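Let's take a walk through a protein model and see how its charged side chains are placed. Have the sequence and the 3D view open while you read.

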Amino acid sequence: MKAEEIAKSLNKLLGADTVEMGSSIKIERMPTGVLPIDYLLDGGLPRNRFTEIFGDYSTLKSYIAYKSIASIQEQGGICALIDPEHSYDPEWAVNLGVDVDKLIYLTPQNGEEAVDVTEVLLRQKIDLIVWDSIAALLPQSEEDKREKGVNHQPARLAALMSKGLRKLTAANSNTAVIMINQTRINVGQMFGNPETVPGGKALPFYAAYRIALRKAGRETETVDIWDGEKNVKSTQIVIQKIRAKIEKSKMSKPYREIFFDFDLKASKIDELGFIISAGLENDLVIREGVKKWRLADEEKAIVGYANFKTHLSESPDAIDKLKEELLNLAGQ
């Protein structure tokens, strides 16, 4: 008996089209609106999968999530934000392109409620759900007054996530899920990396992608500030450099990493700078000597990085072509 015949007989027995051939499964990806992250994710967030984004504070975790919401809403998708942290700011979300009037926003009282509402949303087959964040989830047993003072929260959160993810995985057939997490330090660990994340091991196993975001340097400028009596010189951060690394991938090569800059003055990622650096790594941009830059399909070289960047900014067609080529190369 052929495999196709077995699948048909199983569907007849079950009374539903629950059995498919492997070649019929297509993974749809939705752009996040953040080019460096789309590059890491081979084009965007995969549907029917969990993507964990974790890192230290101020490493653009929520920024990436909100930009993803804006990008998917722009395509007509339905998005939900589950906010145990109570960190949602509508004005900031609007500045990032989110249509707050069409955003489903929930602040669950405890972790079990967060799991339950997420299951309902998954069965409604919406396009994107964001959890911000796992570390802020409060297990029901910890909320119970009778249990107060018993310090076992890490294990309880791990048990909650292990049980909850089994339910959510079974319920998910269409939705991309971003789960934001924070980093912690294992106090007293003498050897190895002491960094860990709340919620135990369940999410790292269930996640299709795990992206680690870390600060990788900064650029500053000198400014005058008033100290109450006179102007004094101070330094102000204007560029925060971020390193993003795929710590786990079920869908492409793991352990790839990229660097990009976040411009604090403009409140956005330096996308053009990333395009140039990624293009240089993939031989789409050519650097001749120390100072000359050119595109691989052009003969004329531009002297100086800043001049080359300005030249590219005036050529939107060239930028779009580089973006398309980079996303096609992602994951190869």
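## A buried charge without a partner

Aspartate 83 is buried and yet has no salt bridge: lysine 61, the nearest side chain of opposite charge, is 12 Å away. Keep in mind that you're looking at a predicted model. To find aspartate 83, go to the loop between β4 (79-82) and α4 (90-95). What lies 3.1 Å from a polar atom of the side chain of aspartate 83? It's the backbone nitrogen of histidine 86. Setting aside neighbours within four places in sequence, aspartate 83 is in contact with Tyr88, Tyr105, Leu106, Thr107, Pro108 and Asp132.

One of those contacts, Asp132, takes us to an unusual spot to look at. Aspartate 132 and serine 133 are joined by a cis peptide bond, with omega at about 5°. Serine 133 sits in the loop between β6 (128-132) and α6 (140-143).

## The whole protein

Now zoom out. The protein has 332 residues, and 42% of them are buried. Its secondary structure comes to 11 helices and 16 strands. Along the principal axes, the C-alpha atoms fill a box of roughly 70 × 65 × 50 Å.

How much of the contact count comes from residues 24 or more positions apart? Of the contacts with a separation of 6 or more, such pairs account for 63%. As for the outside, the accessible surface is about 18400 Å², and 51% of that belongs to carbon and sulfur atoms.

The protein carries 44 positive and 49 negative charges, and the mean positions of the two sets are 5 Å apart.

## Charges that do pair up

Side chains of opposite charge can pair when their charged atoms come close. In this model, the count comes to 19 salt bridges. Here are three of them, with the N to O distance for each pair.

| Salt bridge | N to O distance |
|---|---|
| Arginine 256 and aspartate 42 | 3.1 Å |
| Aspartate 116 and lysine 167 | 3.3 Å |
| Glutamate 271 and lysine 323 | 2.7 Å |

Let's take them one by one, starting again from the salt bridge between arginine 256 and aspartate 42. This pair links distant parts of the chain, 214 residues apart: arginine 256 is in the loop between β11 (231-249) and β12 (257-263), while aspartate 42 is in the loop between α2 (35-40) and β2 (45-46). Are these two residues buried or exposed? Both arginine 256 and aspartate 42 are buried.

Next up is the salt bridge between aspartate 116 and lysine 167. It links helix α5 (residues 111-123), where aspartate 116 lies, with helix α7 (residues 153-171), where lysine 167 lies, and the two residues are 51 residues apart. Aspartate 116 has 39% relative accessibility, so it counts as partly exposed. Lysine 167 is also partly exposed, at 31% relative accessibility. This pair isn't on its own, either: Asp116, Glu119, Arg123 and Lys167 are linked in a network of salt bridges.

Last comes the salt bridge between glutamate 271 and lysine 323. Glutamate 271 lies in helix α9 (residues 271-281) and lysine 323 in helix α11 (residues 316-329), so this pair ties together parts that are 52 residues apart in sequence. Glutamate 271 counts as partly exposed at 26% relative accessibility, and lysine 323 counts as partly exposed at 24%.

## A few more stops

Helix α7 also holds arginine 156. Why does arginine 156 count as buried? Its relative accessibility is 17%, and buried means under 20%. The C-alpha atoms of arginine 156 and glycine 199 are separated by 8.5 Å, though these residues are 43 residues apart along the chain.

Threonine 51, in strand β3 (residues 49-55), is buried, with a relative accessible area of 1%. Not counting residues up to four places away in sequence, threonine 51 touches Leu45, Pro46, Val177, Ile178, Met179 and Tyr209.

Finally, check out two backbone angles. Serine 267 is a residue other than glycine with a positive phi, near 55°. You'll find serine 267 in the loop between β12 and β13 (268-269), and it is partly exposed, with a relative accessible area of 44%. Aspartate 283 has a positive phi too, near 60°. Aspartate 283 is in the loop between α9 and β14 (285-288), and at 57% relative accessibility it counts as exposed.

Terms used:
Residues numbered from 1 in each chain as written. Predicted model: local features only at pLDDT ≥ 70, side-chain atom pairs only at ≥ 80, totals over all residues. Heavy atoms only, no water. Salt bridge = Lys/Arg side-chain N within 4 Å of Asp/Glu carboxyl O. Helix = DSSP H or I, 4+ residues; strand = E, 2+ residues; numbered from the N terminus. Buried < 20%, exposed > 50% of the residue type's maximum accessible area, 1.4 Å probe, protein only. Contact = heavy atoms within 4.5 Å. Areas by Shrake-Rupley, 256 points an atom, 1.4 Å probe, with all protein chains shown as cover. Lys, Arg positive; Asp, Glu negative; His and termini not counted. Charge placed at Lys NZ, Arg CZ, Asp CG, Glu CD. Polar contact = N/O pair within 3.5 Å; in protein donor to acceptor, adjacent residues only side chain to side chain.
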